[in-house]
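Here are my notes on the model you sent, set out as numbered points. Please read them with the structure open beside you.

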Amino acid sequence: MIKINKVSKSFRKNRVLDGIELEIERGDRIALVGSNGAGKTTLIRCLLGEYVHEGEILMDGVKPRTQRREVLKKIGFVPQIPPPLKMPVMQLIHFAAGVCDSDPEKMYQVSDKLGLDARQFKHQPFVKLSGGQKQKLLISIALGRDSEFLIMDEPAANLDPEARHNFFSLLASKQKDTAMIISSHRLDEVAALVNRVVELDQGKIVLNDHVADQIDMDSILQCEVKLTRAEAAFAGTVREWGFETSDNGLTWKGPVAGPDRLRFLGVLSRYAGLLKGIQMQEQGRDNQAAQSHDKKRKEAVS
Amino acid sequence: MKHLMLTAMADINESLRSRWFLIYTLIFGGIVVALFITGLTESRVMGFTGLSRTLVTYLQITMAILPVFVLLTTVRSVAGDREAGIFEYMLSLPVGLAAWYWGKIIGRFTVVFLPVFLAMMLAVVWAAIKGAEIPWGQVLFYTLMLLVLAWCFLGIGMLISSLARSADVAQGAAFLTWLVLLLFLDLILLGVMIQNGSSAETVVLIALLNPLQVFRTGAMMLFDPQLVLLGPSAWVILDTFGHAGYLVYSVVYPILVGTLCAWIGYYFFKRGDLP
């Protein structure tokens, strides 16, 4: 689908990309990771045909720089930093839908799924929305059109847990026919979403590997967390994840999106001293298997 | 064409919400109102009365303000958008580079020209209400001259925006361009003439390459056909072009300069890094 052949890019004497070679197929979900200045954004801009570069990039045999419209029609892009556009939300949606030959209604539907009623903000300038709202709107525009390749730069960073789950579900519905590049400077943020990891360092690919792809992006884990004592800070944190307690803050129950499990465990690790027990069980999984596993575990403990 | 119009409309809407546009509109509307308040329509100076006098004054003031306003707001907006990451996102959408660039020019031209034009129309309406005679030929030609002046400096502004990599550099370059053109109206030109003993033809040629001077002389010619106000230079101009020929030149030349600059700007925009 996409062939990146010896792509290099320099800004004056600073070589930001150095001979990148990569092939991306439909169904690939790539975590593009690397520290700041590794070349992630530059590579993305080359893929979008925004930078002139050495080497060649072909998407289905077509160059993004010379045949922009043909290539960009297939690419949905979510930038890391939302642009400070003054145009109202409705106008932005209609502009994007207009140039993409898409139906604005589909973009509104995606935004509804992400928990953003875009019509409610239709006259509000985009720049005046909150960080999360901007991110949801940009995701709605990227996913609400017929794209075959998604490029997302830290797309879920500003989303609340529920919106993250809905976002993962939307990605899951596209994963078979679409290639995705999800850029992040931290692998743990995107690890559960991808089946391939490409790491950049000083403009070169230092890791290009396929990873276990067993997590259902659409899955939900039912979680129960038991504490040694109630703690207000912990309560505040897990409430943001949609957790509830039935015994004055000692036991908390709630859902966690499958791809968010690592992120959730990262949050819990901040309260490691309070934890008495954790249980996470995927909804819809064979309960018998889970029960049998629990029994074996209890036997092992006793 | 659809993408061109979408981009132009987006730029118009973006400008209409900007603070600069509000100030810009208030300035030109304010100038006309100020001319009415100070009673220029009623005065008789050098034989000009009523609307003619107002238009002449309005044009002289516009010549001083419009170019710098067009230059600064254009480069601030275009180079500023690029710096702020707006280009990165908007140009990730499947809009052609030609549609984007020329759509921006059309949108910007509309918002730059409309307030100036509407202020002029306000003067015409005011004159009509007051029962003054309306010199339609003059009104139409002045409108045309304002149009080409706006186009000329918009083209220069787009060229600077395409070449400069930051908003600050673009703004500095725009200001310098305006300053050089302004200085070459009289001061430097006279200095060169006196110091080097250059031929009148050379100095006039330099002046005629300056779109500001071309505009100024063209505007002058409408109420002073023999260019008495210009002094001896008038001989060179009238001998070379003739009266009608110079009026055509004063319209065609700024259009050519603006279009050429816009094309060169497009060439660099298309060839370089977009964001």
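1. Which residue of β6(A) is the bridge partner of A:Val78? In this model, which is a predicted one, the partner is A:Met152. The strands concerned, β5(A) and β6(A), the latter spanning residues 149-153, pair in the parallel sense over four bridges.

2. The wider setting in chain A is an open sheet of six strands, which run in the order β5-β6-β7-β3-β8-β9 with mixed pairing. At its edges lie β5 (75-78) and β9 (204-210) of chain A, each of which pairs on one side only. On average, and with direction ignored, neighbouring strands of this sheet are turned by 15° against each other.

3. Helix α1 of chain A (residues 40-47) packs on that sheet, where it touches β3, β6, β7 and β8 of chain A, and its direction makes about 150° with that of β6(A).

4. In chain B, helix α5 (residues 97-130) and helix α6 (residues 136-163) pack with their axes 10 Å apart and at an angle of about 155°, which means that α5(B) is roughly antiparallel to α6(B). The residues making this contact include B:Phe109, B:Phe113 and B:Phe117 of α5(B), and B:Leu147, B:Trp151 and B:Leu154 of α6(B). By class, the contact has 16 nonpolar residues, one polar and one charged. The crossing of the two helices is right-handed.

5. Between the chains, the contact takes 23 residues from chain A and 23 residues from chain B. On the side of chain A that touches chain B, the largest share, six residues, comes from α3(A), and the residues of that side divide into 15 nonpolar, two polar and six charged.

Methods:
Residues numbered from 1 in each chain as written. Chains lettered and ligands numbered in written order. Predicted model: local features only at pLDDT ≥ 70, side-chain atom pairs only at ≥ 80, totals over all residues. Axes fitted to C-alpha atoms, helices over the stretch in contact; angles between N-to-C directions. Parallel < 35°, antiparallel > 145°, perpendicular 65-115°, else oblique. Left-handed = near helix turned anticlockwise from the far one by under 90°. Contact = placed C-beta atoms within 7 Å. Nonpolar A, V, L, I, M, F, W, Y, C, P; charged D, E, K, R; others polar. Pairing = 2+ DSSP bridges.
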